[in-house]
Amino acid sequence: MIVTECIGKVYAEDEVDHNDWVIKGEPQTEVNIACPATVELTCATTVNRIPDLLQAPAGFYTSEKMAPSQYRTYPLHYYVK
């Protein structure tokens, strides 16, 4: 089971973004990332979705109908049929 929580907000000057993950099991693992490259990660995900958007049917097509997002290693025109 995966339980997640995502809080979106505008940070005050003294606040920073952070990712905190706990993986329960043997051994239990905790991952804490302060100041992740949130803007770059969000932009990369959006840009990598462009081939999926170009190949989607016309009209309102939501992301849960698309294949899982992928890391694209080649220029994006290689992924458009």
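What follows is a conversation between a colleague and a modeller about a predicted model of one protein chain.

Colleague: How many salt bridges does a search of the whole structure find?

Modeller: Side chains of opposite charge can pair when their charged atoms come close. In this predicted model, one such pair is Lys9 with Glu15, and another is Arg49 with Asp52. When the whole structure is searched, the number of salt bridges found is 3.

Colleague: How far apart are the closest N and O atoms of Lys9 and Glu15, and are these residues buried or exposed, or something in between?

Modeller: Lys9 has a relative accessibility of 42% and therefore counts as partly exposed, and Glu15, at 33%, counts as partly exposed too. The two residues form a salt bridge, and the distance between their closest N and O atoms is 3.0 Å.

Colleague: Which residues are joined into one network by salt bridges that share partners?

Modeller: Asp52 takes part in a salt bridge with Arg49, where the closest N and O atoms are 2.9 Å apart, and Asp52 also forms a salt bridge with Arg72, where the corresponding distance is 3.0 Å. Because Asp52 lies in helix α2 (residues 50-55) while Arg72 lies in the segment after α2, this second pair ties together parts that are 20 residues apart in sequence. The shared partners thus link three residues into one network, namely Arg49, Asp52 and Arg72.

Colleague: Are Arg49, Asp52 and Arg72 buried or exposed?

Modeller: A residue counts as buried when its relative accessible area is under 20%, so each value has to be set against that cut-off. Arg49 stands at 15% and Asp52 at 18%, while Arg72 has a relative accessible area of 8%. Arg49 is therefore buried, Asp52 is likewise buried, and Arg72 is also buried.

Colleague: Over the ring of which residue does the charged end of Arg72 sit?

Modeller: Besides its salt bridge with Asp52, Arg72 has a contact with an aromatic ring. Its charged end lies 4.8 Å from the centre of that ring, and the ring belongs to Tyr79.

Colleague: How are the rings of Tyr74 and Tyr78 arranged?

Modeller: A pair of aromatic rings is described by the distance of the centres and the angle of the planes. The search of the whole structure finds 1 aromatic pair. In that pair the ring centres of Tyr74 and Tyr78 are 5.9 Å apart and the planes stand at 55°, so the arrangement is tilted.

Colleague: Are Tyr74 and Tyr78 buried or exposed?

Modeller: To count as exposed, a residue needs a relative accessible area over 50%. Tyr74 has 56% and is therefore exposed, and Tyr78, with 57%, is also exposed.

Colleague: How much space lies in the largest pocket?

Modeller: Rolling a probe the size of a water molecule over the atoms shows where empty space is left. The largest pocket is lined by 18 residues, and those nearest its centre are Glu5, Cys6, Asn19, Asp20 and Trp21. By class, this lining consists of 10 nonpolar, 4 polar and 4 charged residues. The space in the largest pocket is about 750 Å³.

Colleague: Which residues are closest to the centre of the second largest pocket?

Modeller: The second largest pocket holds about 190 Å³ of space. Its lining divides into 7 nonpolar, 2 polar and 4 charged residues. Of the 13 residues that line this second largest pocket, the closest to its centre are Pro51, Asp52, Gln55, Met66 and Ala67.

Colleague: Which residues does a cis peptide bond join?

Modeller: Most residues other than glycine have a negative phi, and most peptide bonds are trans. Pro27 is placed in the loop between β1 (18-23) and β2 (29-34). The cis bond has an omega of about -5°, and the residues it joins are Glu26 and Pro27.

Colleague: What is the value of phi of Cys35, and where is the place of this residue?

Modeller: Cys35 is a residue other than glycine, and its phi is positive, with a value near 60°. Its place is in the loop between β2 and α1 (38-48).

Colleague: How far apart in space are Val39 and Lys24, C-alpha to C-alpha?

Modeller: Val39 is in helix α1, and because its relative accessibility is 58%, Val39 counts as exposed. Val39 and Lys24 are 15 residues apart in sequence, and their C-alpha to C-alpha distance in space is 29 Å.

How values were computed:
Residues numbered from 1 in each chain as written. Predicted model: local features only at pLDDT ≥ 70, side-chain atom pairs only at ≥ 80, totals over all residues. Heavy atoms only, no water. Salt bridge = Lys/Arg side-chain N within 4 Å of Asp/Glu carboxyl O. Buried < 20%, exposed > 50% of the residue type's maximum accessible area, 1.4 Å probe, protein only. Helix = DSSP H or I, 4+ residues; strand = E, 2+ residues; numbered from the N terminus. Phe/Tyr/Trp six-rings, centres within 6.5 Å; stacked < 30°, edge-to-face > 60°. Lys NZ or Arg CZ within 6 Å of the ring centre and 35° of its normal. 1 Å grid on protein atoms, 1.4 Å probe; cavity = no way out; pocket = protein on both sides within 12 Å on 5 of 7 lines; lining within 4 Å. Points joined across faces, edges and corners; volume = space filled by probe spheres on them. Nonpolar A, V, L, I, M, F, W, Y, C, P; charged D, E, K, R; others polar.
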